[in-house]
Amino acid sequence: EAVAEDRFEDIRKTWVACAACHGAQGQGGIGPKLAGQSADDIISKLLTYKRGEMVGPQSMMMWPQAKQLTDGQIGTIGVFVQEGFPDK
């Protein structure tokens, strides 16, 4: 029996940092709610933050976070959010 591969393994540790402000299920907290947003929206915002540009009033908090991510990780995070933070 093969063990199902975790498509999101690459960003699981990274997501812990995201969840500190956005909540484990993207429900929001210090940071805005992410749950229900499309992959395209999340990817677009993260790429904007990575360039050091403004999205909203808390953008400066996101710049150093986004700069640590590869473009591949940004894409994976977008899908992870869109698919509802799956366990696998």
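Where is Gly56 found? I looked it up at the start: Gly56 is found in the loop between α2 and α3. I note here that the model is predicted.

**Entry: Gly56**

I checked how much of Gly56 is open to solvent. Its relative accessibility is 24%, so Gly56 counts as partly exposed, given that buried means under 20% and exposed means over 50%. I then took the C-alpha distance from Gly56 to Arg7, and it came to 30 Å. Along the chain, Gly56 and Arg7 are 49 residues apart.

**Entry: overall fold**

I listed the secondary structure and found four helices and zero strands. Read from the N terminus on, the order of elements is α-α-α-α. The helices I wrote down are α1 (9-22), α2 (39-50), α3 (59-67) and α4 (71-82).

I looked at the overall dimensions next. Along the principal axes, the C-alpha atoms fill a box of roughly 50 × 25 × 20 Å. The radius of gyration is 13 Å, and a compact globule with 88 residues would have one near 12 Å, so the two agree.

For the surface, I noted that the protein exposes about 5,500 Å². Carbon and sulfur atoms supply 56% of that area. Of the 88 residues, 34% are buried. I also looked at contacts with a sequence separation of 6 or more, and 55% of them join residues 24 or more positions apart.

**Entry: the largest pocket**

Rolling a probe the size of a water molecule over the atoms shows where empty space is left. In this model I recorded about 580 Å³ of space in the largest pocket. The lining of this pocket has 30 residues. His22, Leu34, Leu46, Tyr49 and Met62 are the ones that lie nearest its centre.

Which helix gives the most to the lining of the largest pocket? I found that α1 does, with six residues. Each of α1, α2, α3 and α4 supplies at least two residues of the lining. By residue type, I have 18 nonpolar, 10 polar and two charged in the lining.

**Entry: Thr48 and Glu53**

Is Thr48 buried or exposed? I have Thr48 as buried, because its relative accessibility is 13% and the cut-off for buried is under 20%. Thr48 is found in helix α2. Not counting residues up to four places away in sequence, Thr48 touches Glu53, Met54 and Val55.

I followed the contact to Glu53, which lies in the loop between α2 and α3. Glu53 counts as partly exposed, with a relative accessibility of 36%. Leaving aside neighbours within four places in sequence, I found Glu53 in contact with Thr48, Ser59 and Trp63. For the pair Glu53 and Trp63, I noted a C-alpha to C-alpha distance of 7.9 Å. In sequence, Glu53 and Trp63 are 10 residues apart.

**Entry: Lys67**

I found Lys67 in helix α3. Its relative accessible area is 48%, so I put Lys67 down as partly exposed; exposed would need over 50%. With neighbours within four places in sequence set aside, Lys67 is in contact with Tyr49, Lys50, Arg51 and Gly52. Tyr49 is also among the residues nearest the centre of the largest pocket.

I took a second lysine for a distance check. Lys67 and Lys33 are 21 Å apart in space, C-alpha to C-alpha. In sequence, Lys67 and Lys33 are 34 residues apart.

**Entry: Phe85**

I turned to the backbone angles and wrote down Phe85. Phe85 has a positive phi of about 60°, although it is not a glycine. Phe85 is found in the segment after α4. I also looked up its accessibility: Phe85 is buried, with a relative accessible area of 6%.

Terms used. Residues are numbered from 1 along each chain as its sequence is written. This is a predicted model: local features need pLDDT of at least 70, side-chain atom pairs count only at pLDDT 80 or more; totals for chains, interfaces and linings use all residues. Side-chain values use heavy atoms; hydrogens and water are left out. On a 1 Å grid over the protein atoms alone, a cavity is a set of points where a 1.4 Å probe fits but cannot get out, and a pocket is an open set with protein on both sides within 12 Å along at least five of seven lines; lining residues have an atom within 4 Å of a point. Grid points are joined across faces, edges and corners, and a volume is the space filled by probe spheres set on the points. Ala, Val, Leu, Ile, Met, Phe, Trp, Tyr, Cys and Pro count as nonpolar, Asp, Glu, Lys and Arg as charged, and the others, Gly among them, as polar. The radius of gyration is taken over C-alpha atoms; the globule rule is 2.2 Å times the number of residues to the power 0.38. Buried means under 20% relative accessible area, exposed over 50%, partly exposed in between (1.4 Å probe, protein chains only). Contact means heavy atoms within 4.5 Å. Accessible areas come from the Shrake-Rupley method with a 1.4 Å probe; for residues, only the protein chains shown count as cover.
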